[in-house]
Amino acid sequence: MDVIQNLLMGFSIALTAQNLLLAFIGSLLGTLIGVLPGIGPAAGCAMLIPLTFQMGPTGAIIMLTSLFYGTQYGGTVTSVLMNVPGEASSAITCLDGYAMAKQGRAGVALSIAAIGSFIGGTFATIALVFAAGPLTRWALEFGPVEFFALIMLGISMLTGLAGKSVIKALMMGIFGLALAMIGIDPIRGAPRFTFGRVELMDGIGFVPVIMGLFGLAEILENAERPFAQMVLARMSTLIPTRQDIRDSVGPILRGSFIGTALGLVPGITNSASSFLAYVAEKKASKHPELFGTGMIAGVAGPETANNAHANGALIPLFTLGIPSSPTIAVIMGAFMMHGLIPGPLLFKEHADVAWGVIASFYVGNVILLILNLPLIGIWVQILKIPYGILCGIIMAFMILGAYSVSNSAFDVAVMTLFGLVGYLLRKFDFPLAPVVLTLILGPLMERSLRQSLEISQGSFGIFFSSPIAAVLLVLAVLFLIAPAFKFFRKGKVVMSGDAEAA
């Protein structure tokens, strides 16, 4: 009963004129960012954060979260019309979405993607509503010791963002922690690694860092290769047939479950949900050989899963304070800049903010459903603009955004520096996501570690005196060493194969 009352309170906040407008703006900008290859949701959210400084915390988070799940649909447009994914999570949609476009069924593919995105996002939001209470009550028992163990578990899961090399991911995680050390010591109040620069006394700003790593670096990399020319398939209709709807019901339901479940696990990206949903549809189909030729299930399943994942990934952020992706980490940073710490205390001390934002997820998904289908023609016209012009416009907004964080040219220099660093790291195939995760979580981890050691007078045994902390730390160690087991197992398989061949 408390859940229903809290949700009704949330709707009374989310449905105010101001918050409706912010949800609309976020959804619109999110779709636009998803359509334009070269920005991405992390950099997009970071660019918008300076605009939220004069807003209340509820409106600011509503706009940023609606932008986040809006990007998931925007990437579908370029996947279907151009065979170029606007977002990594939409890459698998290219296989059947673009094939449908060449058959003149691009409108049907985009319509089913919009419907699936709406259902998947709504399903994950319902899961958040009912999971919030139990998880929050459990997490309210946490003190500094348990909180440190929980953050360690979240950081250990950066192995899920490793890409091809766990070693490189750990190196990037350490790099992020080193950046997080810059500023004032939280206990002694002494400056650290500031090199006499007053601008670094408050630490290095995560907004310009993220805009550089994910936005500027992506633009520099895209500038090296010719941009794909769009094949404008004729869209005879946006309305799916009854057979299309029947063929999409199963994939949408399965995609909702897959995306929400994987969204709960920090370190697993939207791309994994989309790919797994596609594999599930291929296995469930009576004609798996037809996938890649324009099967509507190959669009409905992945597109539902990536939106369900986006909303599902907010569950550990809201209830436990763990960001599961770079974009969620940016949203967590926005919470902190507005004086709020995501986690169980958010529901206790700022229930109006927590439930207002959760209710806005329902509103945002409805806005996306109504907004996207009529605007497909506009997105197509935007994609006709030469990419060089779009790059210039995007970079101008990034420079303005970086400057407006603290009205300092120093932040513009930081963004430029990290844009070049991010570009070089991409060239050498280093994952960038662990940098963001540890940059955001590093100060929280250090504070809880120092508080725990103050309580125990320097004894690390305190971390094993709490059963909850001990279990979380063991899980963190298992996550870290799991890739090593896979490596040795693979090595044994290769050696046994060589032995058999001999």
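In which helix of the chain is confidence lowest, and in which is it highest? The structure is a predicted model, so local features need pLDDT of at least 70 and side-chain atom pairs count only at pLDDT 80 or more, while totals for chains, interfaces and linings use all residues. Residues are numbered from 1 along each chain as its sequence is written, and side-chain values use heavy atoms, with hydrogens and water left out.

Confidence here is pLDDT, the predictor's own score for each residue, from 0 to 100. The chain averages 78, with 86% of its residues at 70 or more. H22 sits at the bottom with a mean of 65, and helix H19 (residues 409-427) comes out on top at 88. Over residues 493-502 the pLDDT is below 50, and this stretch makes 0 contacts beyond near neighbours in sequence; a contact means heavy atoms within 4.5 Å. Where pLDDT is low, the predicted coordinates should not be read in detail.

H22 also turns up in a nonpolar surface patch of about 890 Å², whose residues include Ile167, Leu170, Val471 and Phe479. Helices H8 (166-180) and H22 (467-501) each give two or more residues to the patch, and H22 gives the most, with 8. Patch residues have over 30% relative accessible area and no salt bridge, with nonpolar side chains joined within 5 Å.

Then there is leucine 67, in helix H4 (residues 57-82). Leucine 67 counts as buried because its relative accessibility is 0%, the cut-off being under 20%. Among the residues that leucine 67 touches are Gly26, Leu29, Ile33, Pro41 and Cys45. Isoleucine 25 is 42 residues from leucine 67 in sequence, with 8.0 Å between their C-alpha atoms.

Technical notes. Patches are made of residues with over 30% relative accessible area and no salt bridge: like charges are joined within 9 Å, nonpolar side chains (Val, Leu, Ile, Met, Phe, Trp, Tyr) within 5 Å. Accessible areas come from the Shrake-Rupley method with a 1.4 Å probe; for residues, only the protein chains shown count as cover. A salt bridge is a side-chain nitrogen of Lys or Arg within 4 Å of a carboxyl oxygen of Asp or Glu. Helices (H or I, at least four residues) and strands (E, at least two) are DSSP runs, numbered from the N terminus. Buried means under 20% relative accessible area, exposed over 50%, partly exposed in between (1.4 Å probe, protein chains only). Lists of a residue's contacts leave out its neighbours within four places in sequence.
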